[in-house]
Amino acid sequence: MVIVHHQELHRSDPYVPITDRKQGFDIELMSSTSKVEHELWPLDGIDSKNSKFPCCLVWTPLPVVSWLAPFIGHVGICREDGAVLDFSVSNFVNVDGFAFGAAARYVQLDREKCCFPPNMSGHTCKQGYQHSEYGTAITWDDALRSSARNFEHKSYNLFTCNSHSFVANCLNRLSYDGSMDWNMITVVALVIIKGHWVNNMSIIRSFLPSTVVLCLGLVSVGWPFLVGLFSFSILLMGWFLLGTYCFKTLLER
């Protein structure tokens, strides 16, 4: 007869108390959540020759419109691999094919300033509820994919829903720099203030057409042309300012 002692049976018992299991699960969940929040893939360097700008905003002048108002242009936002996404026609978001030519200016953004919440309690921004209502993401590329799917059902309009609207939507989904107030105006300001020119040719390509138009207008029409051009720029800026800050439902963001 084999006698099994009670102590040996107790040591070999695989039973683990439920509270211990729960504590172990919570520790593992916190560890995985921390990895999602803080481990970011290293980015490749900016390669302007191949149009690769990892985690950047990119800007290029628009035909005709930028000739009359050089501060107006077309903007896109880049994935972590450097491919550009931009909204230039209705119900479609370009991927790795920047509309209206190569990028002339770029601003590289810091992913550490984004909020990637794995759950409601994982927000690093101060607008946790608002961010969740708007739509969150767990990675940079995930935010861009979500915004792209959203804009695949929107109609393009230069004055109400344009490329700046798409970029602002991406930045709000990222809660970039702790803000949920990104719009057309703030995107333009970010590019103008912090933007870097890709090369000297980009500067020429951006300002030469408007300079030629200005000179031809002054020669052929005179000062009234300059007054008209200035009035056009004021009206354009006034429209976007009023639409952004006074009639907030007028412009898409």
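Colleague: Which helices do the buried residues of α9 pack against?

Modeller: They pack against α3 (65-68), α7 (184-194) and α8 (200-220). Bear in mind that this is a predicted model. The buried residues of α9 are Leu 229, Ser 233, Leu 236, Phe 240, Gly 243 and Thr 244.

Colleague: How do you know that α9 has the span expected of a helix?

Modeller: Helix α9 covers residues 223-245, which is 23 residues. The expected span is 1.5 Å times one less than the number of residues. That gives 33 Å for α9, and the helix reaches 33 Å from its first C-alpha to its last, so the two are close.

Colleague: And Leu 242, what makes that one partly exposed?

Modeller: Leu 242 is found in α9 too. Its relative accessible area is 44%. Buried means under 20% and exposed means over 50%, so at 44% Leu 242 falls in between and is called partly exposed.

Colleague: What makes the nonpolar surface patch that includes Leu 242?

Modeller: Phe 159, Trp 239, Leu 242, Phe 247 and Leu 250 make it, with an area of about 470 Å². A patch residue needs over 30% relative accessible area, and Leu 242 has 44%, so Leu 242 passes that cut-off.

Colleague: Why is Ser 165 called buried?

Modeller: Its relative accessibility is 0%, and the cut-off for buried is under 20%, so Ser 165 counts as buried. Ser 165 sits in helix α6 (residues 163-174). Leaving aside residues up to four places away in sequence, Ser 165 touches Phe 151, Thr 160, Met 184, Glu 252 and Arg 253.

Colleague: On to the strands. How do you know that β1 and β5 pair?

Modeller: Pairing takes at least two bridges. Strand β1 (residues 56-61) and strand β5 (residues 105-108) are joined by four, so they pair, and they run antiparallel. One residue to look at is Arg 105 in β5, the bridge partner of Trp 59.

Colleague: What makes β5 and β6 a pair?

Modeller: Two bridges join β5 to β6 (residues 196-197), again antiparallel. The requirement is at least two, so this pair meets it. Here Arg 105 stands opposite Trp 197 in β6.

Colleague: How many salt bridges does the structure hold?

Modeller: Four. One of them joins the side chains of Asp 96 and Lys 52, at 3.3 Å from N to O. Asp 96 is in the loop between β4 (92-95) and β5, while Lys 52 is in the loop between α2 (18-38) and β1, 44 residues apart.

Colleague: Why is the contact between Glu 80 and Arg 111 called a salt bridge?

Modeller: The N to O distance is 2.7 Å. The cut-off is within 4 Å, so the pair qualifies. Glu 80 lies in the loop between β2 (73-78) and β3 (84-89), and Arg 111 in the loop between β5 and α4 (128-134), so the pair ties together parts that are 31 residues apart in sequence. Both Glu 80 and Arg 111 are buried.

Colleague: Asp 142 and Arg 145 form a salt bridge as well. Why is Asp 142 called buried and Arg 145 partly exposed?

Modeller: Asp 142 has 19% relative accessibility, and buried means under 20%, so Asp 142 counts as buried. Arg 145 has 45%, which is between 20% and 50%, so Arg 145 counts as partly exposed. Both lie in helix α5 (residues 140-151), three residues apart, about one turn of the helix. Their closest N and O atoms are 4.0 Å apart.

Notes:
Residues numbered from 1 in each chain as written. Predicted model: local features only at pLDDT ≥ 70, side-chain atom pairs only at ≥ 80, totals over all residues. Heavy atoms only, no water. Buried < 20%, exposed > 50% of the residue type's maximum accessible area, 1.4 Å probe, protein only. Contact = heavy atoms within 4.5 Å. Patch = residues over 30% accessible without salt bridge, like charges linked within 9 Å, V, L, I, M, F, W, Y side chains within 5 Å. Areas by Shrake-Rupley, 256 points an atom, 1.4 Å probe, with all protein chains shown as cover.
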